[in-house]
Amino acid sequence: MKAIVWSCLCLTLSVPLFASEWRTLFNGKDLEGWQPYVSYQPETNAYNLVSTQQPHGLNRDPNRIFSVVDGLLRVSGAEWGGLTSIDEFENFHLQLEMKWGTQKWHPRLDAPMDSGLLYFAVGPHGAQSGHWMRSHEFQIQQGDHGDYHSLDGVIIDVHATDTSIGDWKFYKYDPKAPLRKDIAGRVLKLGLHEKPTGEWDLLEVITDGKTLIHKVNGHEVFRGFNSRQPVDGGFAPLTRGKLQIQSEGAETFFRMIRIRSLTKPAAEYAQNLSE
């Protein structure tokens with residue numbers, strides 16, 4: 001028999017993985033492997049508003065913004081912040097399931113329910129708007145699952161059309177559009193593949209830093225390239241970091257959070273193909 005040589009782009013973890021082996025990141029019992037960072041409940045939706053409120057900080061969650069209820073991860077949304085993985089990851093395929101709860105909180109009582117999955121999160125907590133780390137965001141919001149946001153100055157390249165309005169800079173992902181470079185802002189996803197509110201949605205990130213893919217219920221909705229962050233007046237590759245699950249004004253539940261190393265470059269993962 002011919003020898004089979006296995007190669008993989010490995011995750012940087014405390015526990016090694018074999019190629020394609022899933023690692024569970026949430027045990028359904030407690031928050032082992034995660035640390036809460038809770039800031040405060042904002043007064044307005046102005047994300048860059050300077051606030052006089054002091055954040056609770058890391059591992060200080062007096063109002064149980066992040067908890068486990070009936071085997072599910074519950075994010076209350078009452079105060080903003082992020083549940084942060086202790087481990088850092090690179091070259092990964094991440095899956096999780098989420099559904100909305102029923103509670104909403106000021107100042108987003110009249111806004112769509114909102115949360116987010118942050119990846120390649122680095123640097124200090126609260127760097128973005130006082131609430132989150134520098135990172136890329138997989139937007140989790142009613143009607144907008146899979147949108148892309150850059151947090152605290154990270155940039156990507158993406159095929160997109162410019163749909164900016166005045167000083168509000170955002171784009172719409174279109175794989176047939178020209179490649180736009182050095183995008184720092186919001187990129188709207190392609191298509192709508194969410195289930196009705198209250199049902200479980202499967203969300204996925206596949207990335208090696210050179211390619212960033214967002215999938216919603218098996219459909220690819222976004223693909224960006226060349227993850228970078230500001231460093232010493234320029235930009236350097238950003239290909240490794242922590243995960244954060246946002247608390248942002250809406251009750252949200254999560255389950256089946258798992259991750260595995262990539263067995264090939266992320267760019268080779270086909271659109272709408274279950275890998």
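Student: Which residues does Q141 touch, not counting residues up to four places away in sequence?

Tutor: Good place to start! This is a predicted model, where local features need pLDDT of at least 70 and side-chain atom pairs count only at pLDDT 80 or more, while totals for chains, interfaces and linings use all residues. Residues are numbered from 1 along each chain as its sequence is written, and side-chain values use heavy atoms, leaving out hydrogens and water. With contact meaning heavy atoms within 4.5 Å, the partners of Q141 are W100, R108, P112, M113, D114, R186 and E194.

Student: Is Q141 buried or exposed?

Tutor: Buried means under 20% relative accessible area, exposed over 50%, and partly exposed in between (1.4 Å probe, protein chains only). Q141 has a relative accessible area of 8%, so Q141 is buried.

Student: Which side chain makes a polar contact with the side chain of Q141?

Tutor: A polar contact is a pair of N or O atoms within 3.5 Å; within protein, one must be able to donate a hydrogen and the other to accept it, and residues adjacent in sequence count only if both atoms are side-chain atoms. At 2.6 Å, the partner of the Q141 side chain is D144.

Student: Which strand gives the most to the largest nonpolar core?

Tutor: A nonpolar core is a set of buried Ala, Val, Leu, Ile, Met, Phe, Trp, Tyr and Cys residues joined through side-chain atoms within 4.5 Å. The largest has 45 residues, of which F92, L94, I245, F254 and I257 touch the most other members. Strands are DSSP runs (E, at least two residues), numbered from the N terminus. With five residues, the one giving the most to this core is strand β7 (residues 92-104).

Technical notes:
Helix = DSSP H or I, 4+ residues; strand = E, 2+ residues; numbered from the N terminus.
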